[in-house]
Amino acid sequence: MKNRYIASFEQAQLEGKQVPSFKAGDTLRLGIKIQEGDKSRVQNYEGVCIAIRGNGVDRTFTVRKMGANNVGVEKVFPLYSDALEKIEVLRIGRVRRAKLYYLRDRRGKSARIKELRK
């Protein structure tokens, strides 16, 4: 049971945020706002969403991409963060699991996710 003041604060945080619907297995491109001194810029981060957890304001998702020298890089993002400028769904993956942690052990062709055709 949440305190009503906390619940009203969380509702205020959620208002005005447009978030596309996506699930684990989807390929996302995130625009992350980076502050460097007095300048700010938007840097893209593109990878596969491997997990979504939490609810409400506390909702987070994990995105995994292959970095330099085939090193996997995972980042956890709060869904309603001010640092996220945009979330763009590039591909919709066809998976049968909610958490795709098994992709951590896979490389190359075995790490591919089939695309959902409409």
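## Exercises on a predicted model

Of the 118 residues of the protein, 25% count as buried. The model is predicted. Work through each exercise with the structure open.

### Exercise 1: The fold in outline

Task: State how many helices and strands the protein has, and give their order.

Solution:
- Step 1. Count the elements. There is one helix, and there are five strands.
- Step 2. Read from the N terminus. The order is α-β-β-β-β-β.
- Step 3. Add the dimensions. Along its principal axes, the C-alpha trace spans about 50 × 40 × 30 Å.

### Exercise 2: The two ends of α1

Task: Find which side chain reaches a backbone nitrogen at the start of helix α1, and which residue follows α1.

Solution:
- Step 1. Locate the helix. α1 covers residues 4-14.
- Step 2. Look at its start. A side-chain oxygen of Asn3 comes within 3.1 Å of the backbone nitrogen of Tyr5.
- Step 3. Apply the cut-off. A polar contact needs N or O atoms within 3.5 Å.
- Step 4. Go past the helix. Gly16 follows α1, and its phi is positive, near 80°.

### Exercise 3: Asp26

Task: Decide whether Asp26 is buried or exposed, and find which backbone nitrogen its side chain reaches.

Solution:
- Step 1. Place the residue. Asp26 sits in the loop between α1 and β1, and β1 spans 27-36.
- Step 2. Check its accessibility. The relative accessible area of Asp26 is 3%.
- Step 3. Compare with the cut-off. Buried means under 20%, so Asp26 is buried.
- Step 4. Follow the side chain. It reaches the backbone nitrogen of Lys23 at 3.0 Å.

### Exercise 4: Two asparagines in one loop

Task: Describe the phi angles of Asn69 and Asn70, then classify both residues by accessibility.

Solution:
- Step 1. Find the loop. Asn69 lies between β3 (60-66) and β4 (72-78). Asn70 is also in the loop between β3 and β4.
- Step 2. Take the backbone angles. Asn69 has a positive phi of about 55°, although it is not a glycine. Asn70, likewise not a glycine, has a positive phi of about 55°.
- Step 3. Take the accessibilities. Asn69 has a relative accessible area of 76%. For Asn70 the value is 56%.
- Step 4. Classify. Exposed means over 50%, so Asn69 is exposed. Asn70 counts as exposed too, because its value also passes that cut-off.

### Exercise 5: After β5

Task: Classify Arg96, Lys99 and Ile113 as buried, partly exposed or exposed.

Solution:
- Step 1. Place them. Arg96 is in the segment after β5, a strand that runs over 84-91. Lys99 is in the segment after β5, and so is Ile113.
- Step 2. Start with Arg96. At 82% relative accessibility, Arg96 is exposed.
- Step 3. Turn to Lys99. Its relative accessible area is 35%, so Lys99 is partly exposed.
- Step 4. Finish with Ile113. At 16% relative accessibility, Ile113 is buried.

### Exercise 6: Charge and distance

Task: Name the residues of the positive surface patch, then compare sequence separation with C-alpha distance for Lys99–Gly25 and Ile113–Leu84.

Solution:
- Step 1. List the patch. Arg94, Arg96, Arg97 and Lys114 form it.
- Step 2. Take Lys99 and Gly25. They are 74 residues apart in sequence. Their C-alpha atoms are 8.6 Å apart.
- Step 3. Take Ile113 and Leu84. They are 29 residues apart in sequence. Their C-alpha atoms are 25 Å apart.

Terms used
Residues numbered from 1 in each chain as written. Predicted model: local features only at pLDDT ≥ 70, side-chain atom pairs only at ≥ 80, totals over all residues. Heavy atoms only, no water. Patch = residues over 30% accessible without salt bridge, like charges linked within 9 Å, V, L, I, M, F, W, Y side chains within 5 Å. Areas by Shrake-Rupley, 256 points an atom, 1.4 Å probe, with all protein chains shown as cover. Salt bridge = Lys/Arg side-chain N within 4 Å of Asp/Glu carboxyl O. Lys, Arg positive; Asp, Glu negative; His and termini not counted. Charge placed at Lys NZ, Arg CZ, Asp CG, Glu CD. Helix = DSSP H or I, 4+ residues; strand = E, 2+ residues; numbered from the N terminus. Buried < 20%, exposed > 50% of the residue type's maximum accessible area, 1.4 Å probe, protein only. Polar contact = N/O pair within 3.5 Å; in protein donor to acceptor, adjacent residues only side chain to side chain.
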